[in-house]
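Got your viewer open? Let's take a short walk through this one, selecting a few pieces at a time.

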Protein chains: 2
Amino acid sequence: MKSKNVTMKDIAKYTGVSTATVSRVLNDNYPVNIETKKKVLKAMKELNYEPNLVARNLRSRKSNLVAIIVADIKNPYYTNIAKQIDDYLFTEGYNLITCNTDESPKKEKEIIRMLLSRNIDAIAIAPSDSQNTDLSELINQNVPIVLVDRKIKDLQLPFVGTDNFKEACSLTEFLIKKGHKKIGIINGTLNTSTGEERFLGYKKAMEDHGLSIDEKWIYNGGFEEKKAYDVLKQFLQTGDELPTALFSCNNLMTKGAMKVLKEGNVNIPDDLSLISFGALANQDLMCPRITCVEQDTTYIGRKVAELLLDQLKNKKQLKNASIITESIFMPGNSVKEIL
Amino acid sequence: MKSKNVTMKDIAKYTGVSTATVSRVLNDNYPVNIETKKKVLKAMKELNYEPNLVARNLRSRKSNLVAIIVADIKNPYYTNIAKQIDDYLFTEGYNLITCNTDESPKKEKEIIRMLLSRNIDAIAIAPSDSQNTDLSELINQNVPIVLVDRKIKDLQLPFVGTDNFKEACSLTEFLIKKGHKKIGIINGTLNTSTGEERFLGYKKAMEDHGLSIDEKWIYNGGFEEKKAYDVLKQFLQTGDELPTALFSCNNLMTKGAMKVLKEGNVNIPDDLSLISFGALANQDLMCPRITCVEQDTTYIGRKVAELLLDQLKNKKQLKNASIITESIFMPGNSVKEIL
DNA sequence: CGATTAATAGAAATCGATTTCACAATCAAT
DNA sequence: ATTGATTGTGAAATCGATTTCTATTAATCG
């Protein structure tokens, strides 16, 4: 199907040297006579030679590929990070593969198998499950890993993300200080570290201030817009009493909540206050402007890229290199003060 | 560095057959005795064998990789499309590489060279330049291509996108019908087909209604938020008269415009009406809600994926397969009626 | 001046699969 | 019974690079 390409053999034949010499000129990793080198370089240019990465990678057991594995690359949180990684890696000769688990550990497993069979050089991953995501094969194969956003239980690996417990605690306290007592939460998936820690932060703040948690105001939104929308819609239809404030555990669910509340004519913040873990796109142009903590995804992406490159260059896995980034509190007008 | 892997040779030795037979079992493309087959499959399972894609790809001159090359994968327009493509391709055994040109033809060229040396199986591309983007090498190598969103002059290739001229014309006419006569435009890059066609659509509508175009209200935003922001900021500082309405040629520039107008206390729509080619994220929750045409990126992505898969399966390039998708007019409250 | 070292370069092995070729054995058909 | 087609298999070539060995020449050293 594909037309024949210029190979090292052609260059060798053309210049009358061996492919070994051509390779040495190409990689500049072994002394080659200056005249020979010139001749070879000239031939490469003339024949428009481009080394075949697949062949090179087979021999050297590399791929010059780095993967980012996340729940959904459509989430601007991850997209930003992916872009940063790509910016950093491209100049170093790597391409980025983006993989979507759709929050499914099964698909995640498939992805990892596939990447291993590609001799993937490094991966950044936001694990779909803090207990069951299996990175052992990657670790055995000595593939550099960076955990992004989410951690894995009892596993020491480089991590870049925020202090979810602390931030969730602060956000909840913000509501409490505004006088709220009936505070609900839209949880993400509790089998991710972020989902769990944010929920724990919320509980801690409630406990600390002697507030009880009402089961009926704990919603499971699975970190997905649609799920959050659905679960709230269902609740609204019951006609049960609403909490006075709601803490949404990520940007997607916040959007789902805003949509359904708008449709149900529940005014934010008059009828219900809302805070969000994670900013929405175009945050500052929305109404209401949601009060939230925002993560600096550009910075996170850069740090992830640095940790990846570090390991790639030093050809060894880092075990421990947590980078906890500060999140920024973004006041909006989605929280009403209660007297 | 990496630990030794189970190879075909191991399976062959373990079962006492040749690697040829193992390969035949693996690919199921040649008759193999049922007993032998069982034995080999059992061995594969027992030794946890996974075929090495790099080796396979070298021999078969493939890569099982598909690339999407766009200006900036952070743009939700492209991210949506990329996710769709990934969804479709992953189940067929492909991984998606995302590449960012940052609107630079030079970087784009580098990217294409790199992908070629990877034996890339197919690419979807939104060319950075309608004249100078060079796909000839890809075409020579018979790599399936799908143009996304943007076309290339005088080149017949499968395309999925919208009728930019028509939609731009309609949008402008919408403003005109609302009574606007002083209508400015924030252009994208005019050396892309979308940038050019949208500008032409605007001009056509203006001409058709006997309206003159004032040079000072033609802004160059280069399809980038920051550029649009900067160019408008500069204009605002001159204190020159503003148009009564502004047509922004893509989502990013619309955002830049909204930001700078807000900062400059130019109220939309009271002081200035704004329409946008392309929706913003969280459109429906913004204020003002921008009147715009929105493209169905999910549908576009699916069509791109289908065209890619079609070519991959039939192992031949399509030359002509334009899919012009309908855009949806989204009325907002960002346009004031002028009497 | 003989011996060790450095520079230079080719032949051949290698990475891990697929595929061609050759060849036996089996089966059907004339 | 001879021919021809089909099944089943392995040895070896191949994909296009890198790397190890080996060898030659030139340079340096004691």
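In which sense do strand β9 and strand β10 of chain B pair, and over how many bridges? Keep in mind that you're looking at a predicted model, then select residues 273-277 and 291-294 of chain B. These are β9 and β10, and they pair in the parallel sense over three bridges. To see one of the pairings up close, click on B:F277: its bridge partner in β10(B) is B:V293.

**Stop 1: walk outward from β10(B)**

Now add residues 328-330 of chain B, which form strand β12. β10(B) pairs with β12(B) as well, here in the antiparallel sense, again over three bridges. Look for B:E294, which stands opposite B:I328 of β12(B).

Head over to β8 next by selecting residues 245-248 of chain B. β8(B) and β9(B) pair in the parallel sense over four bridges. B:L246 has B:L274 of β9(B) as its bridge partner.

**Stop 2: the whole sheet in chain B**

Time to zoom out. What is the order of the six strands in this open sheet? Reading across chain B, you pass β7, β6, β8, β9, β10 and β12, and the pairing is mixed. At the edges sit β7 (218-220) and β12 of chain B, each pairing on one side only. Ignoring direction, neighbouring strands are turned by 15° against each other on average.

**Stop 3: helices on that sheet**

Select residues 164-177 of chain B to bring up helix α8. Helix α8(B) lies across β6 (183-187), β8, β9, β10 and β12 of chain B, and runs at about 165° to β9(B). Then pick residues 251-263 of chain B for helix α11. Helix α11(B) packs on the sheet too, where it touches β6, β8 and β9 of chain B, and its direction makes about 160° with that of β9(B).

**Stop 4: two helices early in chain B**

Show residues 8-15 and 19-27 of chain B, helices α1 and α2. They pack at an angle of about 105°, with their axes 8 Å apart. That makes α1(B) roughly perpendicular to α2(B). Turn on the side chains: α1(B) brings B:M8, B:K9, B:I11 and B:A12 to the contact, while α2(B) brings B:T19, B:V22, B:S23 and B:L26. Sort those residues by type and you get five nonpolar, two polar and one charged.

**Stop 5: over to chain A**

How is chain A divided into domains? Colour residues 8-59 as domain 1, 63-162 plus 296-327 as domain 2, and 164-294 as domain 3. The centres of domain 1 and domain 2 of chain A, taken over C-alpha atoms, are 34 Å apart.

Chain A has an open sheet of six strands as well, in the order β7-β6-β8-β9-β10-β12 with mixed pairing. Select residues 193-208 of chain A to find helix α9 packed on the sheet. Helix α9(A) touches β6, β7, β8 and β9 of chain A, and its direction makes about 170° with that of β6(A).

**Last stop: both chains together**

Show chains A and B at once. What rotation superposes chain A on chain B? A turn of 180° does it, with 0.0 Å of shift along the axis and an RMSD of 0.0 Å. That is the relation of a two-fold axis. The same surface serves both copies, as 100% of the contact residues of chain A recur in chain B.

Technical notes
Residues numbered from 1 in each chain as written. Chains lettered and ligands numbered in written order. Predicted model: local features only at pLDDT ≥ 70, side-chain atom pairs only at ≥ 80, totals over all residues. Heavy atoms only, no water. Least-squares fit on C-alpha atoms with pLDDT ≥ 70 in both. Contact = heavy atoms within 4.5 Å. Axes fitted to C-alpha atoms, helices over the stretch in contact; angles between N-to-C directions. Parallel < 35°, antiparallel > 145°, perpendicular 65-115°, else oblique. Nonpolar A, V, L, I, M, F, W, Y, C, P; charged D, E, K, R; others polar. Domains from an automatic or database assignment. Pairing = 2+ DSSP bridges.
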